[in-house]
Structure formats: structure tokens, C-alpha cells
Amino acid sequence: MANLKALYVELERLCASGADGEKIAKAADKILKGDPNAHDAKHVKVVVHLRADQYDEALQILETLPLEEYGYERTYALYRLHRLDDALSVVREALASLESTAKGTTKAFKILEAQLHYRMEDFGASVKIYDAILKDLDSDDPYYNEVHVNYTAAKAAARLANVPGVDSKLPKTSIQMYEMTYNLACMALASGNLKEATQLLEKSRKQCRDVLLSESYGEEEIEQELAIIVAQLGYLHQLQGREDEALDLYQGILKSKVADVAITAVVSNNVNAIKRDKDLFDSQKRQKVATAAGVEQKLTKTQLKVISMNGALLSFYAKSAGTAKDLVKKLAEQYPDDDLPPLILAAVSSKNAKNPRKAADELEEYVKSYPTNLGFRLVLCQTQINQLNFSAAIQIMNDYFGVVDKTLQYQPALVSLMVWLYGRVDQVDMAVEWLESATQHWKSSSEEVEDTWTLKQLAAFKLKSHRARDAAKDYERLIRLDPSDCSAIAGLVMAYAEFDLAAAEKYSAALASTESADLEDSAALQEQPIDVEKLESSFSWSKKSEAQPSTELAEDNVGGTPVKPKKKRKRKIRLPKNFDPNAPPDPERWLPKYERSAFLKKAGKRKEKEKDIGRGPQGAAVSGGGLGGTGSANIFGLKQPAAVQSPPAPLSPQLSEVEKTPIARASVAATAANKKKNKKK
């Protein structure tokens with residue numbers, strides 16, 4: 001017993017002196033040899049393992065300790081092992097045990113439960129738990145600031161994820177912490193208030209730097225802590241279209257080599273989004289950083305999804321069709337309700353398939369695999385439309401409507417598509433049936449307001465299909481809903497004009513009275529006189545018009561007399577010498593002399609006279625050349641440069657100037673050199 005007491009004294013001394021973890025663990029093992037159930041010694045070993053990131057070893061020991069006393073450490077170990085469901089079960093079990101026995105406070109476990117819900121992206125549950133905690137928490141409590149900061153973070157995440165029931169108002173708080181300011185900026189961003197979000201992020205950036213400088217942190221450590229704020233600020237610039245500023249901030253983060261892989265992954269992805277299809281080699285390097293090991297455990301599902309989508313697009317831009325297809329297929333399996341994977345896949349198939357029919361066959365296979373995906377259906381439908389195969393497009397959409405909820409087929413965009421397709425194949429009855437069904441559906445689903453858009457489309461289509469009587473009935477319904485609807489009255493007039501001229505004249509008079517009421521304001525504006533000369537002078541491009549004198553009172557004119565404009569001096573018209581007013585003017589007088597027909601005739605005669613000059617052995621360039629050859633003009637075998645053929649249009653427009661310019665210059669230089677040599681000879 002005395003020996004065991006001495007071992008405890010030694011263990012306490014090692015812990016107090018901050019000794020190495022291995023020494024502390026060995027001292028605890030000596031105690032456990034004498035007392036295998038010593039909870040304090042086990043607890044010390046658990047802390048040693050947790051600090052050394054040995055979570056599995058810590059969890060093995062924690063399973064032998066009572067949950068009520070050591071449930072917090074067990075939850076933390078499970079959390080770090082990313083076993084979130086198990087960690088949440090432990091927290092709930094510990095809470096139930098503490099509430100039933102009333103042995104201790106449940107506040108720490110509730111905070112841990114809220115944080116687990118946040119990490120599991122159940123932001124609504126996290127906000128509710130934090131709400132309940134803050135109701136029982138005083139501002140003097142040591143947990144208050146931490147809970148309030150986490151509560152704001154949960155609300156911001158819930159707003160970004162469009163969780164219903166979470167208000168978007170920024171909470172009023174006196175907490176002057178850069179973490180709180182950053183979370184408030186995220187809430188402003190989620191609400192679409194980009195200006196306020198930018199101001200809060202700049203404030204958070206300054207607060208963070210001031211706090212860390214006061215605590216004697218180095219510049220490198222400060223940059224590491226500021227990275228997440230700077231990254232969010234860059235994202236805001238990117239949303240506002242200020243991509244150059246965003247790129248500067250992102251590049252600064254990447255150069256500082258931030259230790260947090262999550263920040264590096266997000267920044268690398270955002271840089272690729274700005275670069276798009278430029279610098280593909282560097283973008284592929286950044287994509288590897290964005291998908292490095294361990295990133296999936298720190299990013300949200302939405303962030304991982306965006307990075308994966310951009311990876312597929314990057315492969316498409318890099319002309320890696322096979323890689324792009326494999327990535328998109330995995331994305332389609334992970335996100336079956338997302339429309340972006342089928343669009344990327346269709347783009348890859350259409351671009352690489354020489355035969356459009358082959359691309360359509362590939363898309364049909366994807367449609368069979370994902371029958372409820374609207375994106376695949378629409379892409380395949382568009383492929384058939386491009387081939388003028390409208391009947392096949394109709395069948396594709398009808399198959400989709402057969403496997404999904406009936407209400408989905410009455411979306412306005414889908415209704416318009418089906419009406420257009422039936423119109424292309426001259427099935428007017430089916431198109432009218434679609435419109436009538438959609439009208440009845442929206443009328444029954446809305447108790448107060450009838451869907452006027454669909455009813456207008458139905459009436460217009462009936463009128464176009466020469467069903468004037470049916471169209472008139474629909475237009476009458478529209479007028480009953482809104483008697484001031486000019487478009488409905490005009491449609492009714494057009495419909496009655498087909499079979500009842502008296503009714504058409506009656507409603508046309510009503511249409512005229514309706515339009516006259518709308519034109520009263522514009523007529524009042526037209527009564528005001530318009531100074532045409534002033535209006536024309538205001539749009540003059542000449543500098544003289546900018547300095548035109550004004551009849552208005554000058555600012556420094558104390559007497560208030562108007563300044564009279566100066567009269568323009570009329571200049572005498574100057575005519576050319578030997579001007580004959582009876583002779584017609586030369587129509588080519590505006591052309592330069594070398595372009596006039598008289599000059600061209602003289603040039604032609606001069607060329608005829610000079611064409612024989614230089615004929616003979618010294619002026620002829622004969623094939624061959626060199627000493628002993630027959631071509632005396634080709635000194636030492638130097639041939640005249642061949643005409644440079646224009647290269648074909650390159651794939652990249654940036655390479656065309658680089659290729660063409662040096663070749664043209666070399667040709668001119670060679671020609672000039674040969675002329676000099678001929679002169680010397």
C-alpha cells in the first residue's frame with residue numbers, strides 16, 4: 001500500500017512537471033499492476049493517448065471506465081475517429097444517466113451534442129439545442145462566449161443550407177471576438193447582404209491580427225490563423241465578379257502554405273473556378289490538392305460535391321473523356337437528383353462521339369440506370385430534337401412522366417415543352433389536352449388564385465390552332481379574373497373576329513378605352529415643348545459643341561441679366577481654282593490620286609514600257625546555282641526564299657500570332673538580303 005502511494009506521488013510529480021508522455025504512461029502502468037481497477041491511473045493514460053492522437057488506444061481504456069464519469073472523453077475519441085453516430089449515442093446515453101441520477105451537470109454534454117449535430121450537418125437540430133442551452137446560461141458563465149459563437153455558426157450554416165424555420169436576422173451581441181464577427185459575416189452572406197458581409201470580414205480580420213499581436217504571436221502564425229477569414233473574403237469578391245482581387249487573396253493563402261488541408265482544398269477549387277479552361281496543367285495540380293487524403297473528413301457534403309463536379313469539368317476541358325465519364329458516373333450515383341452530372345456526361349458524349357446516334361445510345365443507357373433523373377431525360381430529348389426526331393422526344397418525356405409523381409408533369413416549363421413538341425408533329429388535340437390538364441391542376445391546387453399563365457397559353461394555342469370559339473371562352477375567363485388585362489381583351493377580339501364581328505367590335509371599343517387610360521400620363525408628357533436644337537447639341541461629338549454659350553444666368557452674374565450667346569461668323573465659301581459651275585464635278589475627287597482611274601492607266605503604260613528592261617543573262621534567275629551552275633544570279637547556291645504558306649488556323653488563337661509573325665519577318669529579311677547581294681554583283 002505504501003509502495004502504491006509512492007507511485008501515485010511520482011505520477012503526480014511527472015504530470016505537474018509536464019514530463020514526456022511515455023514516462024507518465026509507464027508510471028501509470030506501475031500503478032495498474034498493483035491495482036488493475038485504478039480509475040485515476042487509467043484516466044491519466046487516456047489523456048496521454050488523446051494528446052498523442054492515439055484514439056483507438058484511448059477508446060480501449062475508456063470502455064472499461066464508467067460512462068457517467070468518463071463519457072466526455074469517450075465521445076471525444078469517437079468524434080476524432082469520425083464515428084459520429086457512435087459518439088452521439090454515447091452522449092445521449094450519458095445525458096439519460098445523469099438526468100436520472102442527478103449526479104452532475106448535463107451542460108457540457110448538451111454542448112457536445114449540439115456540436116455533433118453541427119458536424120453531422122444537422123444544422124436545424126444544432127440550433128435548437130443551442131437555443132435551449134442559452135436560455136439557462138448567464139453571461140457570466142465561462143461557457144457563455146463559446147456557446148454564443150457556436151450558436152451563431154450553426155445559424156449561419158443553417159441559413160446557407162436553406163434549413164426552414166431558422167431566422168436570418170443578425171443577433172445583437174456585445175461579444176467582441178473575431179470568431180463571432182466572422183460568423184456574423186457568414187450569416188450576412190447567407191442572407192445575400194454581400195456588402196455587410198465584406199465589412200464584417202474586414203473587421204474580423206483586423207480583430208484577429210490585433211488579438212494575436214497582443215499575445216506575441218509571430219507573423220507566420222498570424223497568417224495561418226487569418227487564412228480562413230481571407231479565404232471567405234476572396235469568395236465574396238468572387239461572388240461580386242471581382243475575380244482579380246479574389247485571385248490575389250487566394251494566391252497569398254496558397255503561397256503561405258496553410259497547414260489546414262480544408263482551407264487549402266477550398267481555395268484550390270475556387271482558383272480553378274476562376275481559371276476555368278485556362279492553365280489546365282496547373283489546375284490539375286490544384287485539383288489533386290483539393291482531393292487530398294483527409295479532406296473529406298473536414299469539408300461538408302456540399303463542398304465535396306462542388307469540388308467533385310469541378311474535377312469532372314476539368315477532365316472534360318483537358319480532353320480526358322474517359323476520366324470525365326468515370327467521375328460523372330460516380331457523381332450520378334452519389335447525387336441522383338442533381339441535374340449537373342447528366343449535363344456534363346451529355347457534353348462529353350456529344351463532343352467525343354462522331355455519330356450523334358451513338359451519343360443518343362449512350363444517354364439512353366444512363367436514362368435506364370436513372371429513370372427519375374430529369375436532367376438525363378431533357379438532355380436525351382434535346383439530342384432527339386437536334387436530329388428532328390420529335391416523336392422520339394415525346395416518347396422520352398412520356399416515359400419520364402410515367403415513373404414520377406403526376407404533379408411534376410404540370411410544371412410550366414415542361415408543359416411548354418410538351419405543347420411545342422406536339423405542335424411539331426401536328427398533334428394539336430394532344431397539345432390542347434396537355435394545356436387543359438395543366439390548367440385544371442393549377443386551378444385545383446390553388447384555392448384563391450387561378451393560374452392565369454397556363455390559361456393564357458391555352459387560349460393562345462387554341463386561337464393559333466383555329467379553335468376560335470374555345471379560345472374565346474378561355475379569354476372570357478381571363479377577363480373575369482382581371483377586367484383590365486389588355487392582352488386578354490385583345491385575344492378575345494381576335495377570337496371573336498373569326499366568327500362574331502359584332503362582339504369583336506364591342507370588345508375592341510372596350511380595349512380602346514382601357515388603352516386610353518394608360519396613355520393619359522404619356523400624353524401629358526408630350527404636351528411639354530421640346531427644344532430640338534438643344535437636344536441635338538447635347539449629343540454632339542465635336543469639342544466645339546461642348547463650349548457652346550448658354551442663355552441661362554451665369555453663377556457670377558450678380559445683376560441677374562442673361563448672357564447673350566455670341567453670333568456665329570459666316571465664312572465665305574472658298575471654291576477651287578478654275579472652278580466651272582456648269583461642268584459636272586469629278587466623281588473620283590475624294591479618292592487618293594494613286595487610286596483614280598486616270599492614274600491607273602498611266603501606271604499600266606509605264607509598266608508596258610519597263611517590262612523588257614533587265615532581260616538577259618545577268619537578270620534571269622535559273623534553277624540550280626552555285627559555282628559552275630547555270631544560274632549566275634544565285635551566288636554560291638543561295639536560292640530565293642519560297643513563298644510562305646499561311647499555316648492552318650491553330651486550335652489556340654494565342655499561338656497563331658506567335659507562329660505567323662516570325663515566319664513573315666524571316667521571309668522579308670531573306671528577300672532584302674538577296675536584293676543587296678544582287679546589287680553588289
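Which residue forms a salt bridge with aspartate 29? The partner is lysine 45, and the closest N and O atoms of the pair are 2.8 Å apart. This is a predicted model. The points below cover its salt bridges, its surface patches and two polar contacts.

**The bridge between helices H2 and H3**

- The count of salt bridges comes to 12.
- One of them joins aspartate 29 and lysine 45.
- Aspartate 29 lies in helix H2, while lysine 45 lies in helix H3 (residues 39-51), so the bridge ties together parts that are 16 residues apart in sequence.
- Aspartate 29 has a relative accessibility of 29% and counts as partly exposed.
- Lysine 45 has a relative accessible area of 15%, so this residue is buried, because buried means under 20%.

**Other salt bridges**

- Aspartate 86 pairs with arginine 83 in a salt bridge, with 3.1 Å between the closest N and O atoms.
- Both ends of that bridge are partly exposed: aspartate 86 has 35% relative accessibility, and arginine 83 has 36%.
- Glutamate 245 forms a salt bridge with arginine 242, and here the closest N and O atoms are 2.7 Å apart.
- Glutamate 245 is partly exposed at 38% relative accessibility.
- Arginine 242 is also partly exposed, with a relative accessible area of 32%.
- Salt bridges also link Arg209, Glu219 and Glu223 into a network.

**A positive patch on the surface**

- Which residues gather in a patch of positive charge on the surface? They are Lys23, Lys26, Lys30 and Lys33.
- Lysine 33 belongs to helix H2, which covers residues 21-34.
- Aspartate 29, one end of the bridge to lysine 45, lies in helix H2 as well.
- Is lysine 33 buried or exposed? Its relative accessible area is 73%, so lysine 33 is exposed; the cut-off for exposed is over 50%.

**A nonpolar patch on the surface**

- Ile573, Leu575 and Phe579 make a nonpolar surface patch of about 360 Å².
- Isoleucine 573 sits in a loop, between helix H30 (543-546) and helix H31 (597-610).
- With 69% relative accessibility, isoleucine 573 counts as exposed.

**Polar contacts from two loop residues**

- Where is asparagine 193? Its place is in the loop between helix H10 (178-190) and helix H11 (194-214).
- The side chain of asparagine 193 makes a polar contact with the side chain of glutamate 196, at 2.7 Å.
- Asparagine 193 is partly exposed, and its relative accessible area is 34%.
- Glutamine 409 is placed in the loop between helix H21 (390-403) and helix H22 (412-424).
- Which side chain does the side chain of glutamine 409 contact? The polar contact is with the side chain of tyrosine 410, at 3.1 Å.
- Glutamine 409 has a relative accessible area of 11%, so this loop residue is buried.

Technical notes: Residues are numbered from 1 along each chain as its sequence is written. This is a predicted model: local features need pLDDT of at least 70, side-chain atom pairs count only at pLDDT 80 or more; totals for chains, interfaces and linings use all residues. Side-chain values use heavy atoms; hydrogens and water are left out. Patches are made of residues with over 30% relative accessible area and no salt bridge: like charges are joined within 9 Å, nonpolar side chains (Val, Leu, Ile, Met, Phe, Trp, Tyr) within 5 Å. Accessible areas come from the Shrake-Rupley method with a 1.4 Å probe; for residues, only the protein chains shown count as cover. A salt bridge is a side-chain nitrogen of Lys or Arg within 4 Å of a carboxyl oxygen of Asp or Glu. Helices (H or I, at least four residues) and strands (E, at least two) are DSSP runs, numbered from the N terminus. Buried means under 20% relative accessible area, exposed over 50%, partly exposed in between (1.4 Å probe, protein chains only). Lys and Arg count as positive and Asp and Glu as negative; His and the chain ends are not counted. The place of a charge is taken as NZ of Lys, CZ of Arg, CG of Asp or CD of Glu. A polar contact is a pair of N or O atoms within 3.5 Å; within protein, one must be able to donate a hydrogen and the other to accept it, and residues adjacent in sequence count only if both atoms are side-chain atoms.
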